[in-house]
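Student: I am new to this structure and would like to look closely at one part of it. Please take me slowly through one strand and its surroundings.

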Amino acid sequence: MSKVAAIVTSMYEDVELTSPKKALEDAGNQVDIIENEANGTIEGKHGDKQTVNKSIDDAKLEDYDALLVPGGFSPDQLRADDRYVKFAKEFLLSGKPVFAICHGPQLFIQTGLVSELTLTAYLTVMPDLYYAGGNVKDEPVVVDEKHNLITSRTPDDLDYFNKAIVDALK
C-alpha cells in the first residue's frame, strides 16, 4: 500500500479528484487530502465535498509515496501559497511519483523546475508551461520517466490517467 498526498483546495474540478482518488484507493492505496486545516471541508466546483485529512503545515515528504494535484481552480490558488509550491517542488526533486491533471501542472510553474519536465495539461495551461520552458505534449497521458511525473489533459483522459497512476504505484 502506498500513501498518496493530494494537495487541493476548494473549487477543484470534482471528477479530477474523486476519480483518481477512487482508482488509487480501489487498488489498495491511501489518499490523504491536504489543505490549510485538518478536519476542514473543501468543496469542488460542482458540489463534491471532501474532508481534509492533514494540514499542509503538518504534511511531510517522507510521510508519502506519491503526490496528486487535481485541476480546476485549485492549483491556481495553491501556487500563490509558498507552502504548496515547496511541497510540490520537494516531490519533483525526490524522484517519488507525481501525478497532475488538467490545470494541476500550473502549480509546477512556481517551482522553477518546468524547464526540466516533459508534461501535458489543459489546453490553456499548455502555453504557460511551454513559455516556462517545459517540453509540452498534447497527449492523453504524458509520462516523464526521468522525473517520475505523470500528467494528463482533461477529465476525458481520466481512464488513461487513472490506469497510469495506479500502475506507477505497483
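Tutor: Two strands count as paired if DSSP finds at least two bridges between them, and the strands themselves are DSSP runs (E, at least two residues), as are the helices (H or I, at least four residues), each numbered from the N terminus. What you see is a predicted model, in which local features need pLDDT of at least 70 and side-chain atom pairs count only at pLDDT 80 or more, while totals for chains, interfaces and linings use all residues. Residues are numbered from 1 along each chain as its sequence is written, and side-chain values use heavy atoms, with hydrogens and water left out.

The part I suggest is strand β1, which covers residues 3-7. Of its 5 residues, 4 are buried (under 20% relative accessible area, with exposed meaning over 50% and partly exposed in between, for a 1.4 Å probe and protein chains only), so β1 is largely enclosed by the rest of the structure.

On one side, β1 pairs with strand β2, residues 30-35, in the parallel sense, and 5 bridges hold this pairing. To get from β1 to β2, the chain passes through helix α1, residues 14-26, and this β-α-β crossover is right-handed (with the strands pointing away from the viewer, the path from the first strand over the helix to the second runs clockwise). You can follow the pairing residue by residue: Lys-3 stands opposite Gln-30 in β2, Ala-5 has Asp-32 as its bridge partner there, and Ile-7 is matched with Ile-34.

The strand β6, residues 66-69, also pairs with β1 in the parallel sense, here over 3 bridges. In this pairing Ala-6 stands opposite Leu-68.

The neighbour β2 deserves a look of its own, since 5 of its 6 residues are buried and β2 is therefore largely enclosed by the rest of the structure. Besides its pairing with β1, β2 is joined by 2 bridges to strand β5, residues 54-55, and these two run parallel. Within that pairing, Glu-35 has Ser-55 of β5 as its bridge partner.

If you now step back, these pairings belong to an open sheet of 7 strands with mixed pairing, in the order β5-β2-β1-β6-β7-β11-β10. Its edge strands are β5 and β10, the latter covering residues 141-144, and each of them pairs on one side only.

The side chains add another view of the strand. The largest nonpolar core, a set of buried Ala, Val, Leu, Ile, Met, Phe, Trp, Tyr and Cys residues joined through side-chain atoms within 4.5 Å, has 28 residues, and those with the most contacts inside it are Ile-7, Ile-34, Leu-67, Phe-87 and Phe-108. Two or more residues of this core come from each of β1, β6, α3 and β7, with α3 giving the most, 6 residues. Two of the names in that list, Ile-7 and Ile-34, are the bridge partners you met above, in the pairing with β2.
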